[in-house]
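I opened the notebook to look at the ligand site and the pockets. Entries are kept short.

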Amino acid sequence: MNRAAVICGLGGALPETLVSNADLARELDTSDEWIRSRTGIENRRVIAPGQATSDLAVAAGSRALASAGAAADDVDLVVLATSTPDHPCPATAPAVAQRLGMPGAAAFDVAAVCTGFVYALAAAAAMLTAGTVRQALVIGADTFSTILDPADRTTRAVFGDGAGAVVLRPGDPAEPGALLGFDLGSDGAGSDLITVRAGGSRQRSAGGDAPAEDHWFAMQGRAVFAEAVLSMSKSAQHLIDRIGWAGRGPDRVVAHQANLRILRAVGEQLGLSEEQITVHLDQVGNTVAASIPLALADAQNKGTLTPGQRVLLTGFGGGLTWGSTALIWPSLHLAPAPAHI
Ligand code: UT7
């Protein structure tokens, strides 16, 4: 059995509402200059009242299916990477599958925060190459605007909402689009660096006495920054060595879009030029599990990702978690721009 999981479709979705740095500065003690210079972010998008993560996931999933030319009933697995599910229980993926016209598909959520998309790809690829499923839709979707403390100028500046998705089909490991391997890891010793403390079994949402602020997302930015650079660089290098790319290295790295300074540092660690590092966070901020597939869709649209390039994806997030994968970029039919909902 020499099968590989091959990316054959790609799509993204963003909320209509755009929040610029100037918009934030009207509301909070911050400035366009601080946000731009410390993060590289200029705009982010946020969902409207009444919208939820699944709405973005369905829009991105449907774009990816169209890009793959896949019929909904050819796809029998939906994996949704998210840390902002529609409800704490059940998982959001089955509802997404049902709304996309694939009600019998296997469907589950993956909670690995900003590494979620790479973890979800690895899980779907393993099920596909084992022959458990025929084709898979892998979606990264998050709406952190729903869990940010409105008074927290740091996290409000950084995070945005969005969704990105790919379709995987079985194929040959030598063909463009084939996922060539994974490097995955975690370190629970850093589990308190990125948290929503309340609402789980430790600090319960019903009948609990958690302070109100424990229901908001919290991040120790500086410690996370250092870990992000270290983990993504190490994980990417492990994978480069393992798949035999050490000689020439990747042509492009699409890393989790958390901070422009982190992207530059990872590029430096890997000995790459600035042009080889994909930047999308300026327009959408940190979209958590959506960040890598949205950056892929944007780069494909702009023509900076072209067929035949050696592309490495690497992510880092809460948990702490990290993960990388790599592929030769395939020729894809892409819906021209992300759907706006
Ligand atoms: O996606 C998962 C992984 N996440 C990440 O990788 C995030 C990694 N961390 C970061 O990107 C950065 O740490 C942040 C962008 C979150 C913060 O930047 P920083 O340069 O590390 O700032 P800081 O938190 O150390 O704060 C420096 C100063 C503080 O003021 P004082 O105490 O020095 O007076 C903050 O209060 O900057 C202040 N500050 C702000 N000032 C204006 C923090 N946020 C803002 C703001 N506007 N929005």
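The entries below cover the ligand and then the two largest pockets in turn.

**Entry 1: the model.** I am working from a predicted model.

**Entry 2: the shell around the ligand.** I looked up which residues surround the ligand. I found 22 of them. Thr-30, Arg-153, Arg-222, Asn-259 and Asn-286 are the closest. I then sorted the shell by class and got 10 nonpolar, 7 polar and 5 charged residues.

**Entry 3: polar contacts.** I checked the ligand's N and O atoms next. An oxygen atom of the ligand sits 2.7 Å from an N or O atom in the Arg-222 side chain. For Asn-286, I noted a polar side-chain atom 2.7 Å from an oxygen atom of the ligand. Gly-221 takes part through its backbone: one of its polar backbone atoms is 3.0 Å from a ligand nitrogen. I also looked up the cover. On its own the ligand has 950 Å² of accessible area, and the protein covers 75% of that.

**Entry 4: elements at the ligand.** Which helices each supply at least two residues of the shell? I listed H2 (32-39), H6 (153-158), H7 (221-242) and H8 (260-269). H7 gives the largest share, 5 residues. Gly-221 and Arg-222, from the contacts above, fall within the range of H7.

**Entry 5: the largest pocket.** I moved on to open space. The volume of the largest pocket comes to about 830 Å³. I counted 32 lining residues, with Ser-83, Thr-84, Pro-85, Val-196 and Ala-198 nearest the centre. Strand S9 (residues 194-196) supplies the largest share of this lining, 3 residues. By class I have 12 nonpolar, 16 polar and 4 charged residues.

**Entry 6: the second largest pocket.** This pocket holds about 490 Å³ of space. Its lining has 26 residues. Nearest its centre I found Met-219, Gly-221, Arg-222, Phe-225 and Asn-259. Elements giving two or more residues to the lining are H2, H6, strand S10 (217-219), H7, H8 and strand S12 (310-317). Which element gives the largest share of this lining? I wrote down H7, with 5 residues. The lining divides into 14 nonpolar, 8 polar and 4 charged residues.

**Entry 7: cross-check.** I compared my lists for the ligand and the second largest pocket. Arg-222 and Asn-259 are among the residues closest to the ligand, and Arg-222 and Asn-259 are also among those nearest the centre of this pocket. H7 supplies the largest share of the ligand shell and the largest share of the second pocket's lining.

Methods. Residues numbered from 1 in each chain as written. Predicted model: local features only at pLDDT ≥ 70, side-chain atom pairs only at ≥ 80, totals over all residues. Heavy atoms only, no water. Near = heavy atom within 4 Å. Polar contact = N/O pair within 3.5 Å; in protein donor to acceptor, adjacent residues only side chain to side chain. Areas by Shrake-Rupley, 256 points an atom, 1.4 Å probe, with all protein chains shown as cover. Helix = DSSP H or I, 4+ residues; strand = E, 2+ residues; numbered from the N terminus. Nonpolar A, V, L, I, M, F, W, Y, C, P; charged D, E, K, R; others polar. 1 Å grid on protein atoms, 1.4 Å probe; cavity = no way out; pocket = protein on both sides within 12 Å on 5 of 7 lines; lining within 4 Å. Points joined across faces, edges and corners; volume = space filled by probe spheres on them.
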